[in-house]
Amino acid sequence: MKIDASKPLEYSTEENSNKIFGFWVFLGAEIPLFATLFTVYFVMVNRFADGPSGPEIFEIGPLLVSTFLLLTSSFTIGLAVHAMRHGYKKAMMFFMAITLLMGLGFIGIEIEEFLTYVHEGATLQTSGFLSSLFVLLGTHGAHVSFGFLWGVGIMIQLWRRGITPATANKTFIFSLFWHFLDVVWIFIFSFVYLKGMM
Amino acid sequence: MIKQLFPIRHVMGYLASLVLSAAALIVIYGDLSHTANVVVLTITALIQASLQLFVFMHIGESADTKKELYLNIAYALFVGLITLFGTLFIFVWGWYA
Amino acid sequence: MDLEKFKVHGEPLIYGAMISIALATIGILVGLTYFKKWGYLWREWLTTVDHKKIGVMYILAALLMLFRGGVDAMMMRLQTAAPEMKFLDAQHYNEVFTTHGLIMILFMAMPFIIGLMNVIIPLQIGARDVAFPRLNAVSFWLFFFGAMLLNISFVIGGSPDAGWSAYFPLASLEFSPTVGNNYYSLALQISGIGTLITGVNFIVTILKMRAPGMTLMKMPMFTWSVLITNVIIVFAFPVLTVALALMMFDRLFGSQFFTMANGGMDMLWANLFWVWGHPEVYIVILPAFGIYSEIIATFSKKNLYGYTSMVFSMVIISLLSFLVWAHHFYTMGQGVMVNSFFSITTMAIAVPTGVKIFNWLFTLRKGRITFTTPMLYTLAFIPIFTIGGVTGVMLAMASADYQYHNTMFLVAHFHYVLIPGAVFAVIAGFHYWFPKVFGFRLNERLGKHAFWWIIISFNVTFFPLFFLGLMGMTRRMYTYSEETGFGPLNMLSFAGAVGLSIGFLLLVYNIYWSTRYMPRDTTSDPWDGRTLEWATPSPIPAYNFAIVPKVKSLDPFWESKQKNIPLFEDKITKIHLPNNTGKPFILGVIFFFLGFFLVFSMWIPAIVAGVGVIVMLAAMSFDQDHGFYVSAEEVIATEKKLRGETV
């Protein structure tokens, strides 16, 4: 395997740089995926039948906390990659752990939010609007949950194998995924919640 | 050490994203028109998304695939936006009434 | 648990199918054991990460599905051959036309094309492998087990029966209470994930792994078409993913996306389906354009006319393909503005397509044409596809479409587009590249016999449907009364379908005959080819190219033959290859069970299988594959043997 020392570790082999490029293409596919979910949501937003509408169930408090957590975790995963490029394994692991913990917090708040909705009689089965809301939020939440498991897996590999071209590559790709989830959340924050509470 | 661990670009990017999120709250606490609200949301969201893309995701970093990455995102946005606005065109704005 | 829901009742045909499936399975198991081939099967095929073998498996699966879809087609033509036929009942007929469409598009045309691109693309760009060989195996096994999941629906629980487009509210739990449409949403989802991964893999392969010197505008046309196809795959399939997921939520968890009450919107399904569905048409047709371009250039002994315009027309088609979807439901109730917009974009597609047709004609002009079997299919494609295209423009006119909509005219139109545009192309490509993969050609005489049977019977089968449509026969009706007057033309169409079957049987017989009797092709370049795949020995060694070629022009192999420019200049060195792995296969099996349990709402087993998927993904992530090296001496020996020299 040829290692190109002039590039950061995560790009250093041909395979590595292919993987990063391939993951960008995959994120490209995630854009129409979420765009379609937003499409469904916007078509459904006023079709709440006998159930509650958005303004009746959205709450600003948990929303701000979860947004803060996700924005901050996106910042810390950026710091983790930065530390990785300087070879600081401990700092890198620390930032990754913070990232994943905040991800976990985000998932916790989302589950709590869903339970509250269900408690208020707003379930997946209630109306077209609620179906589309649950599936849009749920798909994002599923991505975060998957990201959490993935991140734990990478941390175990980092811990066992150290910062190698392979683990650096995985961490970098994971960071792309995590930032992307933040981008999606920004649109959910703005066009689902804030627009719904306007 | 601290300076190395907290690069200024990232810190600024992070603070900007917090500020922008806070600024977007004007649509619920402020007293703007509906159109102005939507404009505010669109602008703050787009800036935030670009922040992530350019500052945190380093999209412009790799010289040999830079063009391909931009094309990739552009194509994805094309399909996503067409799906979104095309569907709204069919079912909302252009629906036979 | 209620075993009743697994059973399918009442039809002797289905019992026959059950027995034959059981017998075939037992036969395969016994055969493998008797000939002691289990180890061979596992080592050489089930665990392979070699793009050529994966390609061959795709094509084998596609041929199998062609048979299954073909049998469906024959049953439909037989049932409608005469008025008041009692061969199939309405429910069975519904299942047959639904699975015919699904299988032919998703499990025949697509895998056949993906198979050809697996085999050929790395060779055409002078690469040793695809970018992600293991992911490639994952793609294949997800596709394969998705296809199997759909196929078992016929005997376990019942097939989907709401048409391949599964429109709501018909496909909802209320109106389609069997598990058929659960199969639909899950089988397509699983194989769709596989297809999406293929898309990513080939985009990276083509953009990043080309031989030195091969700039984008020096790529062979098939490679260009595959690149653009995969771009469409990557951006269109996520829409299907969402649509299928919503369908699954509606059917399994009672959500209200496509329901008639509680704010649901049944028409949204049709919308999402076609947002994916129309680009899907171009996913199967663009690679066909690439195959034809290669064949026309080779057998006219000329370089392709208008290379740049070919590329740009494909790029434009790929963009336009995302802008036309509403023409599939002009009659649904949207306003005049909407229909006008989509009508114009639809007609606009005819322009770049026309450009391509003229480029092929100009390539033929003054060429030294040899009429081989692949070339015959290509030449037949041009006029037949044009008929399909012109009737497409007729359908594109929204106001006129109110007359044609859902009639046999439409059925005739899309068979006139998809059969020459995809099936003839994969058959042509199959004949053309067969000697590269197996080291001998298919028999030309038998090939041409099959060609004439297929081409004539195709027109006999589908041309009458245009008139039946204009007479008012709607699609998907399982029978009709004698007074309608639809009888004679339907009988003619049935006769054509019999002829088509004979043609396909001849094609299969040709594979058998040629395997036994055709002499080995030692030239490795039987057609006097132009592109890099003909520069490596046939059958292709595991490492593809002993030396990575240096490309200086378009059609590099042709140029190197004509002007004596050496393609391979470096010395042979050791070559790095990836190890085989059984994990993608196991992942596919687990996905199959996950899908199956979800179809029948068996939650506990489904959760176990879901955990199994995550465990497998983790296992694959923790795997460290450093691959292995083939030594330079070994490479030299292999090359000599394949080139027919004695070692």
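Helices in these legends are DSSP runs of H or I with at least four residues, strands are runs of E with at least two, and both are numbered from the N terminus. The model is predicted, so local features need pLDDT of at least 70 and side-chain atom pairs count only at pLDDT 80 or more, while totals for chains, interfaces and linings use all residues. Residues are numbered from 1 along each chain as its sequence is written, chains are lettered from A and ligands numbered from 1 in the order in which they are written, and side-chain values use heavy atoms, with hydrogens and water left out.

**View 1. Two cis peptide bonds in chain C, each ending at a proline.**
Let us start with the backbone. Pro539(C) sits in the loop that runs between helix 15 (487–517) and helix 16 (556–563) of chain C. The peptide bond that joins Ser538(C) to Pro539(C) is cis, with omega about -15°. Another cis bond links Phe168(C) to Pro169(C), and here omega is near 5°. Pro169(C) belongs to the loop between helix 5 and helix 6 of chain C. For background, most peptide bonds are trans.

**View 2. A positive phi at Asn262(C).**
What is the phi of Asn262(C)? The value is near 55°, which is positive although the residue is not a glycine. Look for Asn262(C) in the loop between helix 7 and helix 8 of chain C. Most residues other than glycine have a negative phi.

**View 3. The largest cavity, lined in part by helix 8 of chain C.**
A cavity here is a set of points, on a 1 Å grid over the protein atoms alone, where a 1.4 Å probe fits but cannot get out; lining residues have an atom within 4 Å of a point. Grid points are joined across faces, edges and corners, and the volume is the space filled by probe spheres set on the points. The count comes to eight cavities of 30 Å³ or more, and the largest has a volume of about 120 Å³. Its lining has 15 residues, and those closest to the centre are Met221(C), Glu294(C), Ala297(C), Leu304(C) and Asp555(C). Helix 8 (residues 266–300) of chain C gives the largest share of the lining, four residues. By class, eight lining residues are nonpolar, four polar and three charged. (Ala, Val, Leu, Ile, Met, Phe, Trp, Tyr, Cys and Pro count as nonpolar, Asp, Glu, Lys and Arg as charged, and the others, Gly among them, as polar.)

**View 4. The second largest cavity, with no charged residues in its lining.**
This cavity holds about 100 Å³ of space. Of its 16 lining residues, Leu106(C), Met110(C), Ser191(C), Gly192(C) and Thr195(C) are the closest to the centre. Helix 4 (90–124), helix 5 (133–152), helix 6 (180–208) and helix 7 (221–253) of chain C are the elements that give two or more residues to the lining. Which of them contributes the largest share? That is helix 6 of chain C, with six residues. The lining divides into 10 nonpolar and six polar residues.

**View 5. Where chain B meets chain A.**
On each side, 47 residues are in contact (heavy atoms within 4.5 Å). The area buried between chain B and chain A is about 4,000 Å², and carbon and sulfur atoms give 78% of it. Leu5(B), Tyr14(B) and Met57(B) supply 15% of the area that chain B buries against chain A, more than any other three residues. (Buried area is the accessible area, with a 1.4 Å probe, that two parts lose on being put together, summed over both.) The rule finds zero salt bridges across this interface (a side-chain nitrogen of Lys or Arg within 4 Å of a carboxyl oxygen of Asp or Glu). Six residue pairs are in polar contact, both residues at pLDDT 80 or more. Helix 1 (2–5), helix 2 (8–24), helix 3 (26–29), helix 4 (34–56) and helix 5 (66–93) of chain B each supply at least two residues to the side that touches chain A. That side has 28 nonpolar, 16 polar and three charged residues. (A polar contact is a pair of N or O atoms within 3.5 Å; within protein, one must be able to donate a hydrogen and the other to accept it, and residues adjacent in sequence count only if both atoms are side-chain atoms.)

**View 6. Where chain B meets chain C.**
About 1,800 Å² is buried between chain B and chain C, with carbon and sulfur atoms giving 81%. On the chain B side, Tyr75(B), Ile90(B) and Phe91(B) lose the most area to chain C, together 32% of what that side buries. Zero salt bridges are counted between the two chains, alongside three residue pairs in polar contact, both at pLDDT 80 or more. The side of chain B that touches chain C has 10 nonpolar, six polar and two charged residues.

Methods. 1 Å grid on protein atoms, 1.4 Å probe; cavity = no way out; pocket = protein on both sides within 12 Å on 5 of 7 lines; lining within 4 Å.
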